[in-house]
Amino acid sequence: MGEVNQPTTIEDRAKQTYIVTPYDLIFKAIRKEMKVNKEEIISKKRDRKLVEARQMFCLLARKHTIESSVDIGNAINRDHATVLYSISTMDNLIKYTKRLAIAKNYIELDLIPKLSTATEVKICECCKQPIYE
């Protein structure tokens, strides 16, 4: 998920923040709509549901970030050629599969407003989960 600033004192631990990357927001939006979490997307499994989520991630990351295909591939443990193939495949699937076109629209409706917000959130001291405000 993004990077955590490591605190050095007890006072700093209370102020611990979490840097949210655009990839984190894309993973969260995909998880919400396609019911697939980040670990499953990054995994080597090739179930249809996971492959579609992985390809959707590549398409959205390319469209809504300025990252290269190499960087997008590094985020999901794939090479740049796989990312390029995933983008073109998902682009074609969206044209002919209504279910994926609707999913992409809902993901983008959820994602676009969050991409322009602040990139720093607080971490809950009890459960160590990010608190989105």
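Q: What makes the meeting of the Glu52 and Arg99 side chains a salt bridge?
A: The label calls for a side-chain nitrogen of Lys or Arg within 4 Å of a carboxyl oxygen of Asp or Glu. Glu52 and Arg99 come to 3.1 Å, N to O, so the pair passes. This is a predicted model, where local features need pLDDT of at least 70, side-chain atom pairs count only at pLDDT 80 or more, and totals for chains, interfaces and linings use all residues. Residues are numbered from 1 along each chain as its sequence is written, and side-chain values use heavy atoms, with hydrogens and water left out.

Q: Why say that the pair of Glu52 and Arg99 links distant parts of the chain?
A: Glu52 sits in helix 4 and Arg99 in helix 7, and 47 residues separate them. Helices here are DSSP runs of H or I with at least four residues, strands are runs of E with at least two, and both are numbered from the N terminus.

Q: What makes Glu52 and Arg48 a salt bridge too?
A: Their N to O distance is 3.9 Å, so it falls within the limit. These two are four residues apart in helix 4, which means about one helical turn lies between them.

Q: Why is Glu52 called buried or exposed?
A: Buried means under 20% relative accessible area, exposed means over 50%, and partly exposed is in between (1.4 Å probe, protein chains only). Glu52 has 6%, so it goes down as buried. Its partner Arg48, at 63%, is exposed.

Q: Why does the salt bridge of Lys63 and Glu108 tie together separate parts of the sequence?
A: The closest N and O atoms of Lys63 and Glu108 are 3.0 Å apart. Lys63 belongs to helix 4 and Glu108 to helix 7, so the bridge joins parts 45 residues apart in sequence. Lys63 is partly exposed at 48% relative accessibility, while Glu108 is buried at 10%.

Q: How many salt bridges does a search of the whole structure find?
A: It turns up six. Elsewhere, Lys32, Asp110 and Lys114 are linked in a network of them.

Q: What makes Ile102, Tyr106 and Leu109 a nonpolar patch?
A: Patch members need over 30% relative accessible area and no salt bridge; nonpolar side chains (Val, Leu, Ile, Met, Phe, Trp, Tyr) are joined within 5 Å, like charges within 9 Å. Ile102, in helix 7, has 38% relative accessibility and counts as partly exposed, so it clears the area cut-off. Together the three residues offer about 330 Å² of accessible area on the surface, by the Shrake-Rupley method with a 1.4 Å probe, only the protein chains shown counting as cover for residues.

Q: Why does the span of helix 6 agree with what its 17 residues should give?
A: The expected span is 1.5 Å times one less than the number of residues. For helix 6 that gives 24 Å, and its end C-alpha atoms are 25 Å apart, so the two agree. Helix 4 (residues 48-64) reaches 24 Å, close to the 24 Å expected. Helix 2 (residues 22-34) has 13 residues and reaches 18 Å, close to the 18 Å expected.

Q: Which residues of helix 6 are buried, and what do they pack against?
A: Val83, Ser86, Ile87, Thr89, Met90 and Ile94 are buried. The buried residues of helix 6 pack against helix 4, helix 5 and helix 7. Those of helix 4 pack against helix 2, helix 3, helix 5, helix 6 and helix 7.

Q: What makes a nonpolar core, and which residues have the most contacts inside the largest one?
A: A core is a set of buried Ala, Val, Leu, Ile, Met, Phe, Trp, Tyr and Cys residues joined through side-chain atoms within 4.5 Å. The largest has 29 residues, with Ile30 and Phe57 having the most contacts inside it. Its largest share, eight residues, comes from helix 4. Ile30 is among the buried residues of helix 2, and Phe57 among those of helix 4.

Q: What is Phe57 in contact with, leaving aside its neighbours within four places in sequence?
A: Contact means heavy atoms within 4.5 Å. Phe57 has Tyr23, Ile26, Phe27, Ile30, Ile72, Ala75 and Ile76 as such partners.
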